[in-house]
Structures are given as C-alpha cells and as structure tokens.
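Reader: I should like to understand how the terms used for a protein model are justified. May I ask about them one at a time?

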Amino acid sequence: MTTEGPFAVVAKRKMCPGVKGVEGECHGHDVIALAKAVDYLTERNYTEAVAWLNGPAKKAAKDPQTEYLGTKGSPYNSNRNTFGDAVCKVLAKLPEAERKRRVMVID
C-alpha cells in the first residue's frame with residue numbers, strides 16, 4: 001500500500017443469483033427451502049433432480065452424506081479462503097508489532 005491511512009476491503013456479492021425468493025438474501029448462504037429449490041430446478045428442466053427431491057430425499061430418515069466434503073483437497077478454493085491467504089501474504093511482510101498496531105480484521 002502506498003497511501004497512509006486506514007483502509008477497508010469489502011467483498012460483496014449477491015447470494016444465490018437467479019434463485020427466486022432467495023437471491024440477495026443472507027439465508028441463501030445456507031441450505032435453501034425445498035420448495036424454492038424445486039421451483040428453481042423445474043424452471044431449468046432438471047426433472048430428475050426434482051423427482052429425487054420430491055421422492056427419495058423427502059423419505060430419507062437422515063442425511064446420507066456422513067462427511068462434509070467442501071473444498072478440502074480441491075484445487076478450487078472458496079473466495080473467502082483465497083482472499084484470506086492473499087491478505088496474510090501481504091501482512092506477513094510487516095513486522096509483528098506494526099501488524100498489531102495497524103491491522104484489525106472483522107469478519
């Protein structure tokens with residue numbers, strides 16, 4: 001950084017673009033309601049997915065996925081992790097005392 005003063009970086013993106021009833025809402029960050037998912041998939045003609053959601057998925061007694069896979073071990077990382085790694089690389093160049101004095105991270 002070449003300018004003195006406080007800085008802020010805001011990574012803002014719309015949640016669930018194109019999903020009616022969820023787009024732009026914070027709850028789109030998690031699992032969406034079945035009805036909204038079915039509407040979204042129906043509009044895109046994903047009939048097999050809709051049939052599965054309305055059939056076996058509704059009848060499942062528990063989540064068949066025993067482990068969350070996420071992006072662990074994947075060459076494709078989340079935006080949040082990629083940004084965090086980049087910030088850490090920049091901040092690592094500052095002496096520890098200066099980092100403590102000048103940097104505050106709010107998530």
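Reader: Which residues does A37 touch, not counting residues up to four places away in sequence?

Author: Please note at the outset that this model is predicted. With those neighbours in sequence left aside, A37 touches I32 and L53. The word "touches" is used because a contact requires heavy atoms within 4.5 Å.

Reader: What makes A37 part of a nonpolar core?

Author: A nonpolar core is a set of buried residues of certain kinds, Ala, Val and Leu among them, joined through side-chain atoms within 4.5 Å. The largest such core is made up of A37, V38, L41, V50 and L53, five residues in all. A37 is an Ala in this set, and therefore it meets the definition. Both α1 (34-43) and α2 (47-54) supply at least two residues of this core, and the largest share, three residues, comes from α1.

Reader: How do you know which kinds of element the chain contains?

Author: Helices and strands are assigned as DSSP runs. The chain has five helices and zero strands, so its elements run α-α-α-α-α from the N terminus on.

Reader: Why is V105 called buried or exposed?

Author: A residue counts as exposed when its relative accessible area is over 50%. The value for V105 is 67%, and therefore V105 is called exposed. V105 is placed in the segment after α5 (96-102). Its C-alpha lies 9.5 Å from that of A8, although the two are 97 residues apart in sequence.

Reader: How many of the residues of the chain count as buried?

Author: The share is 11% of the 107 residues; the word "buried" applies to a relative accessible area under 20%. The accessible surface of the chain comes to about 9,800 Å², and 57% of this belongs to carbon and sulfur atoms.

Reader: What makes a residue part of the lining of the largest pocket, and which residues are closest to its centre?

Author: A lining residue must have an atom within 4 Å of a point of the pocket. The largest pocket holds about 1,400 Å³ of space. Of its 32 lining residues, V9, F83, V87, M104 and V105 are the closest to the centre. Helix α4 (residues 79-91) gives the largest share of the lining, nine residues.

Reader: How is the lining of the largest pocket divided by class?

Author: The lining has 18 nonpolar, seven polar and seven charged residues. Val, Phe and Met count as nonpolar, so V9, F83, V87, M104 and V105, the residues closest to the centre, belong to the nonpolar class.

Key. Residues numbered from 1 in each chain as written. Predicted model: local features only at pLDDT ≥ 70, side-chain atom pairs only at ≥ 80, totals over all residues. Heavy atoms only, no water. Helix = DSSP H or I, 4+ residues; strand = E, 2+ residues; numbered from the N terminus. Buried < 20%, exposed > 50% of the residue type's maximum accessible area, 1.4 Å probe, protein only. Areas by Shrake-Rupley, 256 points an atom, 1.4 Å probe, with all protein chains shown as cover. 1 Å grid on protein atoms, 1.4 Å probe; cavity = no way out; pocket = protein on both sides within 12 Å on 5 of 7 lines; lining within 4 Å. Points joined across faces, edges and corners; volume = space filled by probe spheres on them.
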